[in-house]
Amino acid sequence: MEISNLKLYNFKNHHLVDLKIDSKVIAITGENGSGKTNILDAVYYIANTKSYFIHHDSLVITDGQKECSVHGKLIIDNEDTEIGISMGESKKKVIKKNGKTYSKLVDHVGLIQTVFITPYDIELVFDGSEIRRRFIDYTISQLDKNYLYDLVEYRKVIDQRNAYLKSLDGNKLDDFLIESLNNKLIPLNERIFKVRAEFMLEFNDFFDKYHKVLGAKETGKIIYESQLEGQDYFNLLKINEQKDILACRTTAGIHKDDLIFNIDDKQLRKFGSQGQIKTFVIALKLSQFFYLKKKTNRIPLLLLDDIFEKIDESRSMKLMELVCSDGFGQIWVSDTSSNRVKKHFSPFTKSCKYISLPYSAEQSNHQV
Ligand SMILES: Nc1ncnc2c1ncn2[C@@H]1O[C@H](COP(=O)(O)OP(=O)(O)O)[C@@H](O)[C@H]1O
Ligand SMILES: [Mg+2]
């Protein structure tokens, strides 16, 4: 899977960028704040119809502008594919594949796999559980459309149930209504739990391998934690009914799932050194890369944001060795130094395009 052309119009700080690409590695260089990460995010945007960093859709439009678009020409499974995402004044996103508008956003998911390695990945260790659920959901959704539909439906029913609990305001529960909502939630919970548990079993093998390959001395493990483990969801809802009424929301279910990261059976976030945490997080992303590669038979687009500056050389060289061997995919890198990028990629490929920001149109065809 490769991008051959990427066009940005009013995307974050980029007014107009048009990149023609015929290389395996695309290095975006420039000073801090020049918009390097934003270009990688545009690649992510094409693949996932949303920004990796910004959760409010319209904030990707350049300040003061009313519309924006990102267009990509890609080669997917040897076929030319064009993806266009645009947002006009109504802020409604329109996504097109080969000129045809998708009727539902979810239809696009699974076409283009990306793995984004950024300095913010550390949030996977220290933030709340939502970011870790997003990690598993993203990975599974690339392969399993039914799982994605279940997630969307689950969100909808949970929102309905929570709105109902909120509206109670001391009134008695309507048994019929709550039961009908519960009956929708039960199979969704059980299916999502099962898929996540199976995924984690398989993913742990990938993780164990790449954690060791990156030089970890300890044994790293990801433990899937769910209230549904050994519990029937029907019972869980019954046990928690009074609690739910008081809290005005559904307190049990797969929306509370979490991943516990351990090294040598101790919690990484409490006992891990800085180096151990970095290795763990890169191993997670690397496992995601190789897991998706194996399952989809495509090499995901790899987005490496500023990582050569942030991790030590032996780790970053090892990382390069892994992602550049065994079939080369397309890699988008951002760095303040083009020499540093050169140093990391020159042992593996000569096919490298350098784009230095601020962008000028002549650069588009310039190949080093
Ligand atoms: N919607 C937007 N409109 C205009 N500028 C934006 C928007 N979103 C982000 N930016 C700007 O993009 C710049 C950061 O770009 P970034 O890609 O993070 O830079 P780099 O990775 O080169 O350090 C910041 O100056 C930020 O203000
Ligand atoms: Mg950056």
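In the predicted model, helix 12, spanning residues 338-345, lies across strand 3, strand 13 and strand 14, and its direction makes an angle of about 160° with that of strand 3. These three strands belong to an open sheet of 5 strands, arranged in the order 8-12-13-3-14 and paired in parallel. The edges of this sheet are formed by strand 8 (114-117) and strand 14 (352-356), each of which pairs on one side only, and neighbouring strands are turned against each other by 15° on average when direction is ignored.

At the edge formed by strand 14, the pairing partner is strand 3 (residues 25-29), and the two strands are joined in the parallel sense over 5 bridges; within this pair, Ile28 is placed opposite Ile355 of strand 14. A further helix, helix 1 (residues 36-48), also packs on the sheet, where it touches strand 3, strand 8, strand 12 (301-305) and strand 13 (331-335). The direction of helix 1 makes about 155° with that of strand 12.

At the edge formed by strand 8, 4 bridges connect strand 8 to strand 12, the two strands running parallel, and Thr114 faces Leu301 of strand 12 across this pairing. Although strand 8 is an edge strand, both of its faces are covered: Thr114 and Phe116 are buried on one side, while Val115 and Ile117 are buried on the other. Thr114 thus combines a buried position on one face of strand 8 with a place opposite Leu301 in strand 12.

Definitions and conventions
Residues are numbered from 1 along each chain as its sequence is written. Chains are lettered from A and ligands numbered from 1 in the order in which they are written. This is a predicted model: local features need pLDDT of at least 70, side-chain atom pairs count only at pLDDT 80 or more; totals for chains, interfaces and linings use all residues. Two strands pair if DSSP finds at least two bridges between them. Axes are lines fitted to C-alpha atoms, for helices over the stretch in contact, and angles run from 0 to 180 degrees between N-to-C directions. Two residues are in contact if their C-beta atoms, placed from the backbone, lie within 7 Å. A residue is buried if 20 or more other C-beta atoms lie within 10 Å of its own, exposed if 12 or fewer, and partly exposed in between; C-beta atoms are placed from the backbone.
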